[in-house]
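This briefing introduces one protein structure to a reader who has not met it before. Please look over the sequence and the structure shown here before reading the notes that follow.

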Amino acid sequence: MGMIPRVMTDQDAVFMAEALSVAEQGLYGAHPNPRVGALLVKEGRVVGRGAHLLAGEPHAEVFALGDAGAAARGATAYITLEPCSHQGRTPPCADALVAAGISRVVIAMRDPNPLVSGRGVERLRTAGILVEEGCMAAEAEALNPGYLQRMRHGRPWIRLKQAMSLDGRVALADGQSQWLTGEIARADVQRERARASAILAGVGTVLADNPRLAPRLGTGLRRYPVKVILDTHLRTPPDAALLATPGPTWVVHHPDAPMTAQAALRAAGAELLPCGGAEGRLDLSALMAVLARREVNEILVESGPTLASALFKAGLIDEWLLYVAPLLLGRDARPVLTAGPYATLAEIPRWSLIRTERMGDDGKWTLRPRES
């Protein structure tokens, strides 16, 4: 069934904006599902709110219906993503809306999941419910970049996170980098970690810094991101700190990696993912497809210049988070990454500055590849 032209009012935008705000409650826990918010409105008054908080638990619509109770009958539902129409981890939300007597549904966007796309809308319209689409669609897209990209293109959304100096350096020549930025910027990194489905790092970072790679937000998370380590020859020590922190650890290696190292890491609790590539290297594009099949939506990359450069050259960076410290490290310091060589300016990949934020004395730049 084709999309019916929407009739959006200013009031619809106000209520959808609130539904999007409610959806942010699932920022850290909804993975691998999308973050969704629902608002029930009757006679201009909000009677029910709900967000999808954790996979396996009720969806936003069910929480909103429960909040509204009998007041849901005849109400308008504002939902940030098309209601599901299939039995997944939970029952179909479209059926719950029909059974509750909802009279009108306004959705921000359709769900690109082939199990849902268009079917939820059709189920509601078949039941006689007025459905209007496209209210604040761009804002809804921004809420779930990883889920949407995984459904549309079969790979996760990749954020590269780096802290750098004003002269574009991430560490001194001997590798010293702690701490370029202040406490406020480092606290923001913990939030970026918590929202990720997976945190990706190379074995070089593991050997140099022995990182935990688990978010520390001060409040208990109900879901911790997967820690994905790229380790061609399995040099990750079985007593590495990350193996003792919350969340699964997946170590990606070449199939020819030593069997003794494989056994030791498995005994330490890691899951091993063989991933071959040309010339004994890992195939990053193939790996991203594997991670998508494992329902990884958003990846936060925490790495040195080597992995950052490889992702850059492969065109796999969807978003670049640069925490900029107001200092200079000098010409011998290590650059954020290496690129090129380029023969002309026209060849150079361009980036768009999406957002700038102040983090105490530091800055945070969010960049995305400029569209052609």
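Strand 6 (residues 157-165) and strand 12 run parallel and are joined by 5 bridges. The model is a predicted one. The notes below begin with strand 12 and its sheet, then turn to the other sheet, a helix, the empty spaces and two glycines.

**Strand 12 and its neighbours**

- Within the pairing of strand 6 and strand 12, Ile158 has Ile299 of strand 12 as its bridge partner.
- Strand 12 also pairs with strand 8 (residues 198-202), in the parallel sense and over 3 bridges.
- In strand 12, Val301 is the residue that Leu200 stands opposite.
- Strand 12 (residues 298-302) is largely enclosed by the rest of the structure, because 5 of its 5 residues are buried.
- Two sets of side chains leave strand 12 in opposite directions: Glu298, Leu300 and Glu302 point one way, Ile299 and Val301 point the other way, and all are buried.

**The sheet of 9 strands**

- An open sheet is formed by 9 strands, with mixed pairing and the order 11-10-9-8-12-6-13-16-15.
- Strand 11 (271-274) and strand 15 are its edge strands, and each of them pairs on one side only.
- From one strand to the next, the twist of this sheet averages 25 degrees.
- Elsewhere in the order, strand 9 (residues 226-230) runs parallel to strand 10 (residues 249-253), and 4 bridges join them.
- Thr249 in strand 10 has Lys227 standing opposite.

**The sheet of 5 strands**

- There is also an open sheet of 5 strands, in the order 2-1-3-4-5 and again with mixed pairing.
- Its edge strands, each pairing on one side only, are strand 2 (45-51) and strand 5 (130-133).
- The twist here averages 15 degrees from one strand to the next.
- Strand 1 (residues 37-42) and strand 2 run antiparallel, with 6 bridges between them.
- Leu40 has Gly48, in strand 2, as its bridge partner.

**Helix 7**

- Helix 7 has 13 residues, which at 1.5 Å a residue should span 18 Å; the end C-alpha atoms of the helix are 19 Å apart, in agreement with that expectation.
- The buried residues of helix 7 are Ala185, Asp188, Val189, Gln190, Glu192, Arg193, Ala194 and Arg195.

**Pocket and cavity**

- Rolling a probe the size of a water molecule over the atoms reveals where empty space remains.
- The second largest pocket has a volume of about 490 Å³.
- This pocket is lined by 22 residues, and Leu27, Ala142, Arg159, Arg195 and Arg355 are the closest to its centre.
- Helix 5 (137-143), helix 7 (183-195), strand 13 (319-325), strand 15 (351-359) and strand 16 (362-369) each give two or more residues to the lining of the second largest pocket.
- By class, the lining of the second largest pocket comprises 12 charged, 9 nonpolar and 1 polar residues.
- Arg195 belongs to both pictures, as one of the buried residues of helix 7 and as one of the residues closest to the centre of the second largest pocket.
- The structure holds 1 cavity of 30 Å³ or more.
- The volume of the largest cavity is about 80 Å³.
- Of the 16 residues that line the largest cavity, His31, Asn33, Arg35, Asn297 and Glu298 lie nearest its centre.
- The lining of the largest cavity divides into 7 polar, 5 nonpolar and 4 charged residues.
- Glu298 is thus named twice, as a buried residue of strand 12 and among the residues nearest the centre of the largest cavity.

**Two glycines**

- Which glycine here is buried, and which is exposed?
- Gly48, found in strand 2, is buried, with a relative accessible area of 1%.
- The C-alpha atoms of Gly48 and Ala72 are separated by 7.6 Å, although the two residues are 24 residues apart along the chain.
- Gly315 lies in the loop between helix 11 (305-313) and strand 13.
- With a relative accessible area of 52%, Gly315 counts as exposed, because the cut-off for exposed is over 50%.
- The C-alpha atoms of Gly315 and Glu298 are separated by 16 Å, with these positions 17 residues apart along the chain numbering.

Methods:
Residues are numbered from 1 along each chain as its sequence is written. This is a predicted model: local features need pLDDT of at least 70, side-chain atom pairs count only at pLDDT 80 or more; totals for chains, interfaces and linings use all residues. Side-chain values use heavy atoms; hydrogens and water are left out. On a 1 Å grid over the protein atoms alone, a cavity is a set of points where a 1.4 Å probe fits but cannot get out, and a pocket is an open set with protein on both sides within 12 Å along at least five of seven lines; lining residues have an atom within 4 Å of a point. Grid points are joined across faces, edges and corners, and a volume is the space filled by probe spheres set on the points. Ala, Val, Leu, Ile, Met, Phe, Trp, Tyr, Cys and Pro count as nonpolar, Asp, Glu, Lys and Arg as charged, and the others, Gly among them, as polar. Buried means under 20% relative accessible area, exposed over 50%, partly exposed in between (1.4 Å probe, protein chains only). The expected span of a helix is 1.5 Å times one less than its number of residues. Two strands pair if DSSP finds at least two bridges between them. Axes are lines fitted to C-alpha atoms, for helices over the stretch in contact, and angles run from 0 to 180 degrees between N-to-C directions.
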